[in-house]
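Colleague: I have a model open and would like to go through it with you. Could you take me through a few parts of it?
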Amino acid sequence: MLRYLIRRLISLGLSLLVASALIFSVVALVPGDPASFMLGTGAQPETVATLRQQMGLDLPLPLRYLHWLGGILGGDLGHSFTYKTPVAGMILDRMQVSLPLALMALALSTLIALPIGMFAAGRRGRVGDTVVMGATQVGIALPNFWFAMLLVLVFAVNLRLLPAGGFPGWDHPGAALKSLILPAVALALPQAAILARVLRSALIETLGQDYIRTARAKGLSAGRALRRHALRNALIPVLTILGMQFSFLLAGAIIIENVFYLPGLGRLIFQAITQRDLIVVQGAVLVLVAAVILVNFLVDLSYAAVDPRLRR
Amino acid sequence: MRVSLILGALLSGLALVAAAVSFFWTPADVTQLAIAQKLLPPSAEHWFGTDHFGRDMLSMIMVGARTSIAVALVAVGIGMGFGVPLGLVAAARSGSWLDETIMRGNDLVFAFPSLVIAILITAALGPSATNAIIAIGIFNIPVFARVTRGAALPLWTLDYVRAAQVAGKGRTRISLQHILPNVASLLIVQGTIQFSLGILAEAGLSYVGLGAQPPTPSWGRMLAEAQTMVALAPHVAVIPGLAIVVTVLGLNLLGDGLRDALDPRLRRSP
């Protein structure tokens, strides 16, 4: 297990390193010089040159990358060109919206998917199964931002139950939670449809195993065999999908945050791109990608802990 | 399940026909603005109503279908064009450093949240339909590489492939003559799925302003423009969304149906 862990840690470090280099190179391709962007069109060339020097933009690219990387290791993601504040702090601020949103959506999608998947697997091939699986096909086809607009139309505009957008901050926990409900539902439903389908096929596969037949033979009802034996064994593929969904939810939140004007990480990336605040873009994207890589690493590790055969 | 095949073909066919017909006929001219007739609800004259510039929504949807289909189709082409050869090579040299490099590269691309990178790429290259294609296409490459390798690996242990090796055929010729035809059906199924994902991705990118630029109509941008008017005229938001849902649903059903039809082994278990 220790050797496995060390190997996985090395590959984790390599992935993070390559990811950071890739992000840095793509951002370096973004046209427009941040220094001239900040000073406006009327600036003197000498002023721009001085600012470029202050910002370290005159250094060769590999050196700029190493500077950035060195800073990251010390917890410093640089300073925002437009807001003059540390990028790390800005990202932490925005995470207070994005992380709860992603977690709420993940919990919601699991809560919706579990009963649906179990219901469909228990009635495989019958009318109930066909109807529910048809509904999940529609769920998968829903663009979440469009679904979000419909939710706003119904629950904010017509029923006036929930806010249509904006975020009051965590000083008002009730209002803050309320403003995350519609975005979380919009994010969760299409993901729940995928999860329900995966759970159904995983359950159907385990239901065909000998130990289920044994359980039924010793008198367990179909429902109990499903809940007590099949569900637990079907959770492994479900865990994989959940790990992948976390990244979808963090990234999918970019568009949803724009629909609801939520001050999350996604909106930060967006605003920073339009303001040519590239150091912020770099930092925020890196945090997102690193979160995804880390979650997948943890999911992998949890398998190995459960199933010794995977520790090769 | 013949039902999903037929239903899927019908639903996804709607968008294809609409796009094809739009090249020589639309109910109204989409470049013609008629502010006096703006935001009209669906009627006999305008089946899908009109938008905030008074343009006929049905015509906009038809022309918008072209953008969605073109972007998603070319993105699938990029994914197959690069991914399939990579997968074939990885399978032919399985266990070698080449295989290892290709597969680790795949894992890395998978780790990136595709939407974030698509946004970054379109921001770097400038927003346009072409750059949306590139951004979506890049993420199709590892999908096809993985599917191809996964399907090709077991084929390399089969007797007829062994026989071809013994007879002196090179790995490249075996890959092209024996492996590729046998993984083709799986690639068609995956292609359908990636096609539907591409339509969703294009809509998302256009929605945030990084896809096709005005005046080219696109379903995603129609939704973005509708956002501020959704309370006044719900149809401007509902109709483009329905177009996306119907097309994506159709393609997914088609993919399911094709998989069942092309792979008889799957027919036993529903």
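Modeller: Gladly, and please keep in mind that this is a predicted model. A good place to begin is the UniProt record, where an unreviewed entry lists residues 65-255 of chain B as "domain: ABC transmembrane type-1".

Colleague: What are the helix and strand percentages over residues 65-255 of chain B?
Modeller: Over that stretch chain B is 82% helix and 0% strand, and the C-alpha atoms at the two ends are 19 Å apart.

Colleague: How do α5(B) and α7(B) pack?
Modeller: Helix α5 of chain B, residues 129-155, packs against α7(B) at an angle of about 155°, with the two axes 9 Å apart. Since angles over 145 degrees count as roughly antiparallel, that makes α5(B) roughly antiparallel to α7(B). The crossing of α5(B) past α7(B) is right-handed.

Colleague: Which residues meet there?
Modeller: On the α5(B) side they include B:Ile136, B:Asn140 and B:Phe144, while those in α7(B) include B:Leu186, B:Gln190 and B:Glu202. Sorted by class, this contact of α5(B) with α7(B) has 14 nonpolar, 6 polar and 1 charged residues.

Colleague: Changing topic, how many residues does each chain give to the contact between A and B?
Modeller: Chain B gives 30 residues and chain A gives 35 residues. On the chain B side, the elements that give two or more residues are α3 (97-111), α4 (114-125), α7 (171-207) and α9 (235-262). Of these, α9(B) gives the most, with 8 residues. By class, the side of chain B that touches chain A has 26 nonpolar, 4 polar and no charged residues.

Colleague: And where does B:Lys38 lie?
Modeller: B:Lys38 is in the loop between α1 (2-22) and α2 (57-92) of chain B. It counts as partly exposed because it has 18 C-beta neighbours inside 10 Å, whereas 20 or more would make a residue buried. Leaving aside neighbours within four places in sequence, B:Lys38 is in contact with B:Thr50, B:His52, B:Phe53 and B:Gly54.

Colleague: Over in chain A, is helix α9 largely in the open or buried?
Modeller: Helix α9 of chain A, residues 210-217, lies largely in the open, because the number buried among its 8 residues is 0. After α9(A) comes A:Gly219, which has a positive phi, near 110°.

Colleague: What does UniProt list as "transmembrane region" in chain A?
Modeller: The unreviewed entry lists several stretches, among them residues 99-121 and 142-161. Residues 99-121 of chain A are 100% helix, with end C-alpha atoms 32 Å apart, and residues 142-161 of chain A are 75% helix, with end C-alpha atoms 23 Å apart.

Key. Residues numbered from 1 in each chain as written. Chains lettered and ligands numbered in written order. Predicted model: local features only at pLDDT ≥ 70, side-chain atom pairs only at ≥ 80, totals over all residues. Contact = placed C-beta atoms within 7 Å. Helix = DSSP H or I, 4+ residues; strand = E, 2+ residues; numbered from the N terminus. Nonpolar A, V, L, I, M, F, W, Y, C, P; charged D, E, K, R; others polar. UniProt positions renumbered as here; feature names shortened; annotations may be inferred. Buried ≥ 20, exposed ≤ 12 C-beta atoms within 10 Å, placed from the backbone. Axes fitted to C-alpha atoms, helices over the stretch in contact; angles between N-to-C directions. Parallel < 35°, antiparallel > 145°, perpendicular 65-115°, else oblique. Left-handed = near helix turned anticlockwise from the far one by under 90°.
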